[in-house]
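These are my notebook entries from a session of looking things up in one structure, kept in the order in which I went through the topics. Each entry records what I looked for and what I found.

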Amino acid sequence: MGLVRTALFNWAYARHTGGTFVFRIEDTDAARDSEESYNQLLDSLRWLGFDWDEGPEVGGPHEPYRQSQRMDTYKEIAAKLLDAGHAYYCYCSTEELDARRDAARAAGRPSGYDGHCRDLTAEQTAAYKAEGREPIVRFRMPDETITFTDLVRGELTFTPENVPDYGIVRANGAPLYTLVNPVDDALMEITHVLRGEDLLSSTPRQIALYKALLELGIAKSVPRFGHLPYVMGEGNKKLSKRDPQSSLNLYRERGFLPEGLLNYLSLLGWSFSADQDVFSTEEMVAAFDVADVNPNPARFDLKKCESINGDHIRLLDVKDFTERCRPWLQAPFAPWDPADFDESQWQTIAPHAQTRLKVLSEITDNVDFLFLPEPVSDEASWTKAMKDGSDALLRTARENLDAADWTSAESLKEAVLAAGETHGLKLGKAQAPVRVAVTGRTVGLPLFESLEILGKDKTLSRIDAALAKLTA
């Protein structure tokens with residue numbers, strides 16, 4: 001979800017400013033990245049409603065847009081950085097690096113790379129090679145303070161001792177994110193980057209690399225950066241990819257609308273206005289300015305997210321709503337036999353359901369009483385609704401309903417209201433046993449409209465079954 005929020009802010013900023021939104025696949029990790037994950041990324045962005053001006057399936061002047069297809073480019077530029085003295089081979093082993101870091105910490109010094117291999121002699125290099133060591137490539141950080149103006153956080157300064165030389169190519173020749181990301185930004189002429197706060201520490205390193213690429217004639221400019229606030233989950237901890245609530249698929253399966261989800265995510269660090277939380281994606285684009293993003297961490301509130309999604313469900317055209325619910329009216333979600341599904345009943349009850357749902361998946365439990373042969377068996381609901389005297393109330397309600405006008409929900413309401421008055425109960429108490437007898441649940445869609453749609457015969461038959469159970 002944090003990545004979706006980041007993509008949203010980039011997309012909205014590009015659309016607001018008339019810029020070019022570039023979708024790039026960073027798939028250099030062969031062990032983790034697959035064709036399946038690539039297709040899932042494309043599917044997710046399409047479902048969310050994002051469009052991109054350059055990228056996979058669209059193309060553009062800087063293709064390919066998959067890093068796994070750009071390896072020769074990274075190899076070539078790493079060689080240029082080495083030749084120009086902006087990078088060097090580092091032969092330090094992991095054990096040596098760890099030992100020196102521990103010693104630096106013990107002495108109270110910065111524990112980053114200490115520049116051990118920065119200026120090796122030819123003899124030292126030959127000795128390392130004779131040992132069979134395979135070097136990584138490190139970028140040589142300039143001995144100067146790096147200052148830049150963050151689009152979200154303002155002016156930031158990093159001193160040399162806190163930004164040591166860093167690896168850009170593994171010992172096996174595979175390029176690292178620290179190389180491929182700036183190189184792609186340079187070659188694709190990226191001017192603005194909005195990304196997570198967790199990448200802030202890498203920005204001064206990348207700015208130094210951009211300047212080296214400028215010197216080599218590879219880059220035209222250094223991008224401007226904006227680092228977005230953390231999204232916090234339960235326990236006020238940073239929302240992790242491993243947290244269940246961070247998975248986009250979870251929200252798709254529960255029936256969140258893309259527009260509802262994006263509306264809520266946009267509020268994690270930004271606000272549309274002081275008195276309006278619900279707005280369209282188009283309204284967000286028109287209002288979005290990265291300068292208005294709050295740098296403080298934003299807390300993900302699932303209930304608020306559900307509430308805003310429910311508001312967007314109610315904003316749908318009824319026909320659109322009925323179609324968006326369709327997946328949850330079919331296997332594997334629907335518990336009824338497909339042959340028992342009645343399209344006319346669904347179309348009739350849909351407007352009543354639309355006013356009640358927070359997520360589309362809730363539709364299944366709300367309408368199952370129409371399409372199941374018998375109501376669901378929920379003992380908790382039964383125990384809660386069927387108090388002493390419920391049998392007498394149900395008998396009176398049945399008599400009144402039998403004589404009621406079944407073309408009018410208001411007539412059915414009056415029948416149950418009259419039954420309640422006979423037994424000294426207000427409508428809320430009187431309708432509870434009827435609802436559970438007919439639907440199996442204590443909560444659901446408007447009862448009397450539901451009874452009208454279910455029909456007289458099924459309603460009375462279910463009340464009879466409830467009475468038989470109470471008698472037993």
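Entry 1, salt bridges. I count a salt bridge where a side-chain nitrogen of Lys or Arg lies within 4 Å of a carboxyl oxygen of Asp or Glu. I keep in mind throughout that this is a predicted model. With that cut-off I looked up D368 and R441, whose side chains meet in a salt bridge at 2.9 Å, N to O. The two residues come from distant parts of the chain, 73 residues apart, with D368 in helix α14 (residues 363-371) and R441 in the loop between α18 (427-439) and α19 (447-454). Are the partners buried or exposed? D368 has a relative accessible area of 2% and is therefore buried, and R441, at 18%, also counts as buried, since the limit for that class is under 20%.

I then searched the whole structure, and the search gave 34 salt bridges. One that I followed up joins D184 and R24, where the closest N and O atoms are 3.7 Å apart. This pair, too, links distant parts of the chain: D184 sits in helix α6 (residues 177-187), R24 sits in the loop between α1 (2-17) and α2 (35-48), and 160 residues separate them. D184 is buried, with a relative accessibility of 0%, and R24 is buried at 16%. I noted further that D184 and R24 belong to a network of salt bridges that also takes in E26, R70 and D185.

For another case I looked at E323 and R326, whose side chains form a salt bridge with an N to O distance of 2.8 Å. Here E323 counts as partly exposed, at 40% relative accessibility, whereas R326 counts as buried, at 16%.

Entry 2, aromatic rings. How many aromatic pairs does the count come to? I recorded 18 aromatic pairs. Among them is the pair of Y251 and F256, which is edge-to-face, with 5.1 Å from centre to centre and 70° between the planes; both Y251 and F256 are buried. The pair of F272 and F279 is stacked instead, with its ring centres 4.6 Å apart and 20° between the planes. F272 is partly exposed, with a relative accessible area of 23%, while F279 counts as buried at 4%. I also found F272 and F279 in one aromatic cluster together with F9, W270 and F288.

The ring of F9 appears once more in my notes, as the charged end of R5 sits over this ring, 5.5 Å from its centre. A second case of this kind is R66, whose charged end sits over the ring of Y38 at 3.7 Å from the ring centre.

I added a note on F148, which has its place in strand β3 (residues 146-150) and counts as buried at 9% relative accessibility. The C-alpha atoms of F148 and F225 are separated by 8.6 Å, although the two residues are 77 apart along the chain.

Entry 3, a pocket. I looked up the second largest pocket, for which the volume comes to about 360 Å³. Which residues lie nearest its centre? They are G112, Y113, D114, G115 and P164, out of a lining of 21 residues. Sorted by class, this lining holds 10 nonpolar, three polar and eight charged residues.

Entry 4, the backbone. I checked for cis peptide bonds and noted one from E63 to P64, with omega near 5°; P64 lies in the loop between α2 and α3 (71-83). Another cis peptide bond joins A331 and P332, with omega about 5°, and P332 has its place in the loop between α12 (318-324) and α13 (343-354).

I then turned to positive phi values in residues other than glycine. E57 has a phi near 70° and lies in the loop between α2 and α3; with a relative accessible area of 60%, E57 is exposed. E189 has a positive phi of about 55° and is found in the loop between α6 and β6 (192-196). Unlike E57, which is exposed, E189 is partly exposed, with a relative accessible area of 41%.

Notes
Residues are numbered from 1 along each chain as its sequence is written. This is a predicted model: local features need pLDDT of at least 70, side-chain atom pairs count only at pLDDT 80 or more; totals for chains, interfaces and linings use all residues. Side-chain values use heavy atoms; hydrogens and water are left out. Helices (H or I, at least four residues) and strands (E, at least two) are DSSP runs, numbered from the N terminus. Buried means under 20% relative accessible area, exposed over 50%, partly exposed in between (1.4 Å probe, protein chains only). On a 1 Å grid over the protein atoms alone, a cavity is a set of points where a 1.4 Å probe fits but cannot get out, and a pocket is an open set with protein on both sides within 12 Å along at least five of seven lines; lining residues have an atom within 4 Å of a point. Grid points are joined across faces, edges and corners, and a volume is the space filled by probe spheres set on the points. Ala, Val, Leu, Ile, Met, Phe, Trp, Tyr, Cys and Pro count as nonpolar, Asp, Glu, Lys and Arg as charged, and the others, Gly among them, as polar. Rings of Phe, Tyr and Trp (its six-membered ring) pair if their centres lie within 6.5 Å; planes under 30 degrees apart count as stacked, over 60 as edge-to-face and the rest as tilted. A charge sits over a ring if NZ of Lys or CZ of Arg is within 6 Å of the ring centre and within 35 degrees of the ring normal.
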